[in-house]
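Work through the exercises below with the sequence and coordinates at hand. Each task is followed by a stepwise solution.

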Amino acid sequence: MLEISLSGTGGQGLILAGIILAEAAILDGKQAIQTQSYGPEARGGASKAEVIISEDEIDYPKVLAPDILLVMSQEACNKYADILKKNGKLLADSTLVKEISGREAEVIDLPITRTAREELGNAMFANIIALGALVAATGAVSEASLIKAVLARVPRGTEEKNQKALALGNQLYAQR
């Protein structure tokens, strides 16, 4: 079983990323549960999506100690880093997360938002870049299922850029 938490601020698309990840797992024939929480603000408040992926039946729908935690804001890092499983993976957007301290984790710093701006011209693709990096780091789902799930959920006309965003995330992780 793999427990994953994706956290940041409202408007970064992390709830969508969690939904896509869970759908990709189901396409792979795995069990998956996706939950979400966010502050009262529509944009700018804390948000978190959680995904549990398993070959077997999942008996509890909440992530207790994620194996991997994605943090896309300093606030999310400060708020959620303590829940990460000991020796888990902390995937941080180095564009927005400047301080990570006292964590017994493998820290993976990647310039996710900067890459979205520079390579795709828009920070709105950062969630898909992060998803590509997260899947590269965990092998949670197959590339084919991830692409299929992304293409089923993104707005029409953005499919090519979103596929490029996945590839960029994979490359960022491989080149770290």
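**Exercise 1: helix α1**

The buried residues of α1 are covered by elements that include β1 (2–9), β2 (31–38), β3 (46–54), β4 (68–71), α4 and α5 (143–153). The model is a predicted one.

Task: identify the buried residues of α1 and check the helix's span against its number of residues.

Solution.
1. Leu-14, Ile-15, Ala-17, Gly-18, Ile-20, Leu-21, Ala-22, Ala-24 and Ala-25 are buried in α1.
2. Helix α1 covers residues 14–27, which is 14 residues; at 1.5 Å a residue the expected span is 20 Å.
3. The end C-alpha atoms are 20 Å apart, so the two values agree.
4. Just after α1, Gly-29 adopts a positive phi of about 85°.

**Exercise 2: the nonpolar cores**

Task: place Leu-21 in the largest nonpolar core and list its contacts beyond four places in sequence.

Solution.
1. The largest core has 44 residues, and Leu-21 is among those touching the most other members, together with Ile-4, Leu-6, Leu-70, Val-141 and Leu-146.
2. Helix α4 (residues 126–138) supplies the largest share of this core, 9 residues.
3. Beyond four places in sequence, Leu-21 touches Ile-4, Val-51, Ile-53, Leu-131, Leu-134, Val-135 and Val-141.
4. A separate second core of 11 residues includes Ala-46, Val-71, Cys-77 and Val-97.

**Exercise 3: Asp-93**

Task: determine which side chains make polar contacts with the side chain of Asp-93.

Solution.
1. Asp-93 lies in strand β5 (residues 88–93).
2. Asp-93 is buried and has no salt bridge; Lys-98, the nearest side chain of opposite charge, is 7.5 Å away.
3. Its side chain makes polar contacts with the side chains of Thr-95 at 3.0 Å and Thr-113 at 2.4 Å.

Note on methods:
Residues numbered from 1 in each chain as written. Predicted model: local features only at pLDDT ≥ 70, side-chain atom pairs only at ≥ 80, totals over all residues. Heavy atoms only, no water. Core = buried A, V, L, I, M, F, W, Y, C linked by side-chain atoms within 4.5 Å. Buried < 20%, exposed > 50% of the residue type's maximum accessible area, 1.4 Å probe, protein only. Helix = DSSP H or I, 4+ residues; strand = E, 2+ residues; numbered from the N terminus. Contact = heavy atoms within 4.5 Å. Expected span 1.5 Å × (residues − 1). Lys, Arg positive; Asp, Glu negative; His and termini not counted. Salt bridge = Lys/Arg side-chain N within 4 Å of Asp/Glu carboxyl O. Polar contact = N/O pair within 3.5 Å; in protein donor to acceptor, adjacent residues only side chain to side chain.
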